[in-house]
Amino acid sequence: MSLIAGSYEKFIWGFKLKPLKHSDDDGKTLSLTRLFSYPSHLAPISTVAAAGPVAASGGGDDTVHVYDLAAASSLGSLYHHSASVTALEFYTPPQLSFPRNLLSAAADGSLSIFDADPFVHLKTLWAHKKGSGVNSVSVHPSGKLALTVGRDECLGMINLLRGKRKFYCRLGKEATVVKFDSSGDKFFMIMGEKIGVHEAEDARLVWELENSKRVLCAASGEGGLLFSGGEDRNINAWDTKAGKVAYRIDDAHSFRVKGIVVLSRNTDSTETDDPYLVASASSDGVIRVWDVRMAMKEKPLPLAEANTKSRLTCLAGSSLKSLKRPRFVSEAEEDLAMEES
């Protein structure tokens, strides 16, 4: 199980989550062992994504960097954007442990689609109006379509089979995050302090969840749970079936929560003997891992903690079950692949 975080100082941080043989004095039973840490970008990192043994980061230098988590090394860079990279998303078919595609979105409204085995650029299209940045992208579990939200206060739907924008509508307010739930039956959008839960079939609003302060990040869990974090420094677990908070971890961090990852989904639970793990990162550089079952009874203590001492901006997580190794191709091989397609 691994975590990857990006920072304002251009550093990328990789960690491996391992069990401790004996819990320490603070009750921690897991450790976050650093895999790598170095300035991988020439500008602040704004987004990270991870799937299986591969991870990616994007930032203000218009570049996507790809990493081999198993080898704790850099694989190379993708230079297909001419604006800051604002969102990344891997698509992994349910039956596979290695991603099939990588989607990257940029501040100019473009969306690039890559084959992830090996990394080959397939197509770039305009997901939003030119000059209107894409804030977030999410791929449906079927891999057939993706949703995007942008600075133009619009929601877009991309047909990934044809590589074309299929639907585009005005929301009336800018959404910063859009995500499908793990089943693909619903999706949610974050607008300031509110989280809208929608039916995927017809986009009907099911619930509007209201937080006390601005929500900055969210991740879908099992059983209809939605975990969110933001300026209130809490981790809230929303019951999307009942439309209310199921439980929360108050003051999970001392500063704003900038990233949250549910580690139990698509993760080998035997690696940590605990399938109820949620990781969070705050703007002061602290990453913590929690057992969310404890939050139902009392304020829990983190199972693991790492302090990067940097201004973290994003967080992603993955298991390392796949034995397959990610790889790049040369520019000549990429040109040949495009001609054959």
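# A strand-rich predicted chain, in questions and answers

User: Hi! How many helices and strands are in the chain?

Analyst: Happy to help! This is a predicted model, in which local features need pLDDT of at least 70 and side-chain atom pairs count only at pLDDT 80 or more, while totals for chains, interfaces and linings use all residues. Residues are numbered from 1 along each chain as its sequence is written, and side-chain values use heavy atoms, leaving out hydrogens and water. Helices (H or I, at least four residues) and strands (E, at least two) are DSSP runs, numbered from the N terminus; the chain has one helix and 28 strands.

User: What pLDDT does the chain average?

Analyst: pLDDT is the predictor's confidence in each residue, from 0 to 100. In this chain 88% of the residues score at least 70, and the average is 88.

User: And how many contacts does the stretch 265-274 have beyond near neighbours in sequence?

Analyst: Residues 265-274 have a pLDDT below 50, so please read this part with the definition of pLDDT as confidence in mind. A contact means heavy atoms within 4.5 Å. Beyond near neighbours in sequence, the number for this stretch in the model is 24.

User: What percentage of the residues count as buried?

Analyst: Buried means under 20% relative accessible area, exposed over 50%, and partly exposed in between, with a 1.4 Å probe and protein chains only. Of the 341 residues of the chain, the buried share is 55%.

User: What is the strand order in the open sheet of four strands?

Analyst: Two strands pair if DSSP finds at least two bridges between them. The pairing in this sheet is antiparallel. β3 (30-39) and β28 (312-318) stand at the edges with a single partner strand each, so one side of each has no neighbour in the sheet. The order is β3-β2-β1-β28.

User: Which residue of β3 is the bridge partner of F15?

Analyst: Strand β2 covers residues 11-19 and pairs with β3 in the antiparallel sense over nine bridges. Within β3, the bridge partner of F15 is R34.

User: Which residues have the most contacts inside the largest nonpolar core?

Analyst: A nonpolar core is a set of buried Ala, Val, Leu, Ile, Met, Phe, Trp, Tyr and Cys residues joined through side-chain atoms within 4.5 Å. The largest one has 20 residues. Two or more residues each come from β1 (2-7), β2, β3, β25 (277-282), β26 (286-291), β27 (304-307) and β28. The residues with the most contacts inside this core are L17, L32, L263, I287 and V289.

User: Why is strand β22 largely enclosed by the rest of the structure?

Analyst: β22 spans residues 235-239. Antiparallel pairing joins β22 to strand β21 (residues 225-230) over five bridges, and five bridges also join β22 to strand β23 (residues 244-249), again antiparallel. The strand is largely enclosed because, of its five residues, the number buried is four.

User: Which residue takes a positive phi in the hairpin of β22 and β23?

Analyst: In the hairpin of β21 and β22, with four residues between the strands, R233 has a positive phi near 70 degrees. The hairpin of β22 and β23 has four residues between the strands too, and there a positive phi near 75 degrees belongs to G243.

User: How far apart in space are S40 and V64, C-alpha to C-alpha?

Analyst: S40 lies in the loop between β3 and β4 (45-51) and counts as buried at 10% relative accessibility. Leaving out residues up to four places away in sequence, S40 touches K10, I12, I45, S57, H65 and Y67. In sequence S40 and V64 are 24 residues apart, while their C-alpha separation is 9.8 Å.

User: Is K10 buried, partly exposed or exposed, and what is its relative accessibility?

Analyst: K10 sits in the loop between β1 and β2. Its phi is positive, near 80 degrees, in a residue other than glycine. K10 counts as partly exposed, with a relative accessibility of 35%.

User: What is omega for the peptide bond from D117 to P118?

Analyst: Most residues other than glycine have a negative phi, and most peptide bonds are trans. P118 lies in the loop between β10 (110-116) and β11 (119-126). The bond from D117 to P118 is cis, with omega near -5 degrees.
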